[in-house]
Amino acid sequence: MRDLKELRVEIDRIDREVVALFEERMGISKEVAEYKIATGKKILDKERENQKIEAVKALTHNDFNGHGVEELYKQIMGISRKLQYQLMEEKALGRLPFIMVDELEKKNVRVVYQGVEGAYAQQAMFAFFGEDVNHFHVERWRDAMDAIAEGMADYAVLPIENSTAGIVNDSYDLLEEYDNYIVGEQIISVQHALLGMPDAEISDIKTVFSHPQGLMQCAKYLDEHRDWKQISVLNTAVAAKKVADEKDKTQAAIASTLAAKQQGLKVLDQGINRSEHNSTRFVIVTNQPIFRKDAEKVSICFEVTHESGCLYNVLSHFIFNNLNLCRIESRPIPDRNWEYHFFVDFEGNLNDSAVKNALRGIREEALNMKILGNY
Ligand SMILES: C=C(O[C@@H]1C=C(C(=O)O)C=C[C@H]1O)C(=O)O
């Protein structure tokens, strides 16, 4: 048996050769990039990469090494492409189709939110734009997206995520569907109350209305009242209005105390959400691709092919460019069972070269990619 020290001396010698060859290969990759930039060719050449993997596998002498070399070459070619994107970024600039602004226009604008007076979205809108903002409300989130797409409003306010109940699925799907862009976000502390008719007591209640998120956020409380029938409605303020309109003292709503005031309802119980830190994050959406020059979070969505390693490959662009991911979500693609849209938020500004570089790589390598906004 040879001595460990002696073996390691040999490994060190081999590694020096590997690194020298790696650097030589990257030098050639750079020249390939110059050729591609000059001729307007794409960086990724999937066919060439597949042939390359087959060819290097064929050089190995057993299955284990065959798999190893495949992994190794996927990495090497990934790094080689990233070098090429970097060069493209330096040489062939190409602007992202987004316009930078110093500040968002918040005065003289019209804002739409979904729900009725007293909705948490209204609170979010007031917090973001100020209480004197010109505004109106619509029945559905889709109507709010249509209102900005058609120029009826300058901005829409949409709930995107709750700290207890998780993401608001519909908002994600609409962001993917519409060519509207996120330009801001607003977090609102959500404290739910149980609201009933002025002459009602908790013991009278048989039915409770709320948005599904409201019901979820108060699931623990509702578990203590299993005889109550739970009914989902469009939002919490709609639930309060329904109770006020129908004047039935067996009916209650889970909504804000502001909604109680606006609808003349009695607060039967307060702080009924599971977590006292219960908060909802709203996004402010507009129909133009603009971003503030000091924006610090980018949201994108993309699809990848249904192949092993594809998501990893897209995410590697964040690692390589040293970008910090804040969240990742997936949503099913309708009519394509078990395929997903991925939504990623990461820190950065569309003007940062690291961001541009990562986006360039993802745009080329994912099936499709959409920048949802920078805010
Ligand atoms: C170097 C090239 O660019 C990319 C990187 C490859 C590699 O490192 O071998 C192969 C194909 C391309 O995706 C090339 O096109 O040859």
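Q: Which helix supplies the largest share of the shell around the ligand?
A: In this predicted model, helix 3 does, with 4 residues. Helix 1 (4-39), helix 2 (46-58) and helix 3 each contribute at least two residues to that shell.

Q: Which residues lie around the ligand, and how do they divide by class?
A: The residues around the ligand are S29, V32, L44, D45, R48, E49, K52, M77, S80, R81 and Q84. By class, the shell consists of 3 nonpolar, 3 polar and 5 charged residues.

Q: How is the packing of two helices to be described, and what are the values for helix 1 and helix 3?
A: Two quantities describe a packed pair of helices: the angle between the axes and the distance between them. For helix 1 and helix 3, the axes come within 9 Å and cross at roughly 45°. The two helices are therefore oblique to each other, and the crossing is right-handed.

Q: Which residues make this contact of helix 1 with helix 3?
A: Helix 1 contributes M26, S29, K30, V32, A33, K36 and I37, while helix 3 contributes S80, L83, Q84, L87, M88 and K91. The contact has 7 nonpolar, 3 polar and 3 charged residues. Among its members, S29, V32, S80 and Q84 also appear among the residues around the ligand.

Q: At what angle does helix 3 pack with helix 12?
A: The same two descriptors apply here. Helix 3 (residues 63-91) and helix 12 (residues 353-365) pack at an angle of about 120°, and their axes are 9 Å apart. That angle makes helix 3 oblique to helix 12. The crossing of this pair is right-handed.

Q: Which residues of helix 3 and helix 12 meet?
A: On helix 3 they are R81, K82, Y85, Q86, M88 and E89, and on helix 12 they are S353, K356, N357, R360 and G361. By class, this contact has 2 nonpolar, 4 polar and 5 charged residues. Within helix 3, R81 takes part in the contact with helix 12 and is also one of the residues around the ligand. M88 of helix 3 meets helix 12 and also belongs to the contact with helix 1.

Q: How is burial to be read for an entire helix, and how many residues of helix 4 are buried?
A: One may count the buried residues along the helix. In helix 4 (residues 120-129), 7 of the 10 residues are buried, so this helix is largely enclosed by the rest of the structure. The buried residues are Y120, A121, Q122, Q123, A124, M125 and F129. Just after helix 4, G130 adopts a positive phi of about 95°.

Q: For a single residue, is W141 buried or exposed?
A: Burial of a single residue is judged from its C-beta neighbours, and a residue with 20 or more within 10 Å is buried. W141 has 22 such neighbours inside 10 Å and so counts as buried. It is found in helix 5 (residues 141-149). Leaving aside residues up to four places away in sequence, W141 touches Q114, L158, D170, S171 and L174.

Q: Is E276 buried or exposed?
A: The opposite category begins at 12 or fewer neighbours. E276 is exposed, because 8 other C-beta atoms lie within 10 Å. E276 is located in the loop between strand 11 (266-270) and strand 12 (279-286).

Q: How far apart in space are E276 and Q191, and how far apart are W141 and Y85?
A: Separation in sequence and separation in space are to be read side by side. E276 and Q191 are 85 residues apart in sequence and 7.5 Å apart in space, C-alpha to C-alpha. W141 and Y85 are 56 residues apart along the chain, and their C-alpha atoms are separated by 38 Å.

Note on methods. Residues are numbered from 1 along each chain as its sequence is written. This is a predicted model: local features need pLDDT of at least 70, side-chain atom pairs count only at pLDDT 80 or more; totals for chains, interfaces and linings use all residues. Axes are lines fitted to C-alpha atoms, for helices over the stretch in contact, and angles run from 0 to 180 degrees between N-to-C directions. Angles under 35 degrees count as roughly parallel, over 145 as roughly antiparallel, 65 to 115 as roughly perpendicular and the rest as oblique. A crossing is left-handed if the near helix is turned anticlockwise from the far one by less than a right angle, and right-handed if clockwise. Two residues are in contact if their C-beta atoms, placed from the backbone, lie within 7 Å. Ala, Val, Leu, Ile, Met, Phe, Trp, Tyr, Cys and Pro count as nonpolar, Asp, Glu, Lys and Arg as charged, and the others, Gly among them, as polar. A residue is near a molecule or strand if its C-beta atom, placed from the backbone, lies within 6 Å of it.
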